Amino acid sequence: MQVLRNIGVLATCRAPGGQAAIHPIPGAAIAWENGNIVWVGRESELPPAHGETPSQDAGGRLVVPGLIDCHTHLAFGGWRADEFTQRIEGKSYAEIGRSGGGIVSTVARTRGMAEDALVERCRGFLNAMVRTGVTTVECKSGYGLDRETELRLLRVYRRLQEDGIVSIIPTYLGAHVVPPEFRENRESYLSLVIDEMLPLIAREKLAEFCDVFVEAGAFNIEESRRILLRARDLGLGRKLHADQLTSGGGAELAAETGATSADHLECISSQGIARMAEAGVVAVSLPLASLYLNHKPLPARDMIDTGVAVAVATDFNPGSAPSHHLPMAMMLACTQQRMTPPEVLKGTTLYAARAIGRERVAGSIEVGKRADFAVIDASDVTEWMYYFQSNACVMTVAGGEVVWGEV
């Protein structure tokens, strides 16, 4: 057993109370054993049996649950820095895609990368994420768009999970866009995804979720419905890239198909918000993508006030969100989306865990959950997000093991 003492404020982020309720405990301590939390509370109430337990001193700092990045495209080849300049000069995301850039350009580079090279690249990204307090990462495929490469990307995620540094949640995003070789025969590509890839992935347990990009230029509502219902029948969870560039009914489809989350949602309709609230679909905000694309962010206040749980993630990818810095996304959620610091913290912990089906084991500091937490050099949550630094995390613990830093 191990104990972390002298915690200035412990934000436990338990479920009761809604988006802003992070249930802080001042002067706290945490005890854990065999990777799981066995005691949480005020240090003054620490059971005598733990008195001789090896301990570490948090130095009066803030401690939060391990952060969860619940939307990333971790494995990809190359970068797209040229598009950064093109967008500055006035080209839209859609225009760049129509001219041969965008997702299809990353697909070409990714298809040319060997599995070992992809693994090493992803390990570098994950190590950087861990240093900011991240302990769980959802990872999408979608930059292969053929049988061989999509399976390669999912094998990469399986190997990363075996590393044991952080928890990896794999998602199949074969329905990212229709690849160039199928543009004249969309139905054949849909058949590849629905009749071949989804059954294979479910059988081999290579992914936990199926995601679909529901958007003009990607997949329409009826195509997306077919894919998601097939995924449901095969026992896979459902996720959607929805209402990012246009209000196309993606949020409503997420509710209809029992999706765990709908992500982006910058152009969501009021009806879509209401349907998500009724169905309990988590909204995943991606403020880095809004920033890079110079788009108005999703209406977080309307969502929260309507009863939608709002998670916050990076959308790390080489085009629209080329950053895996989750604390920066958290600060932007405060400044761009008018979410309070406690609301944002809940959105990167317990509500992010809900968005990936992990709320029973992660996302809050409670007895029985994984010992995933981060020590932050701040006095409280508001100071942490207000005084933005390159990194305020001094130690990250995942599954009871120190994976970054020390106190």
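## Cavities and the model

A cavity is a set of points, on a 1 Å grid over the protein atoms alone, where a 1.4 Å probe fits but cannot get out, and its lining residues have an atom within 4 Å of a point. The model is predicted, so local features need pLDDT of at least 70 and side-chain atom pairs count only at pLDDT 80 or more, while totals for chains, interfaces and linings use all residues. Residues are numbered from 1 along each chain as its sequence is written, and side-chain values use heavy atoms, with hydrogens and water left out.

## Two cavities

The structure holds four cavities of 30 Å³ or more, and the largest has a volume (the space filled by probe spheres set on the points) of about 110 Å³. Of the 14 residues that line the largest cavity, His73, Tyr93, His176, Asn317 and Ser320 lie nearest its centre.

The second largest cavity encloses about 90 Å³, and its lining includes Thr132, Pro327, Trp384 and Phe388. Helix 12 (326-337) and helix 15 (381-386) each give two or more residues to this lining, helices being DSSP runs (H or I) of at least four residues, and helix 12 provides the largest share, three residues.

## Helices 6 and 7

Helix 6 (residues 186-204) packs with helix 7 (residues 221-233) at an angle of about 10 degrees, their axes lying 10 Å apart. That makes the two helices roughly parallel, a term for angles under 35 degrees.

Where these helices meet, helix 6 contributes residues including Leu190, Val193 and Ile194, and helix 7 contributes residues including Arg226 and Ile227, contact meaning heavy atoms within 4.5 Å.

Notes:
Axes are lines fitted to C-alpha atoms, for helices over the stretch in contact, and angles run from 0 to 180 degrees between N-to-C directions. Angles under 35 degrees count as roughly parallel, over 145 as roughly antiparallel, 65 to 115 as roughly perpendicular and the rest as oblique. On a 1 Å grid over the protein atoms alone, a cavity is a set of points where a 1.4 Å probe fits but cannot get out, and a pocket is an open set with protein on both sides within 12 Å along at least five of seven lines; lining residues have an atom within 4 Å of a point.
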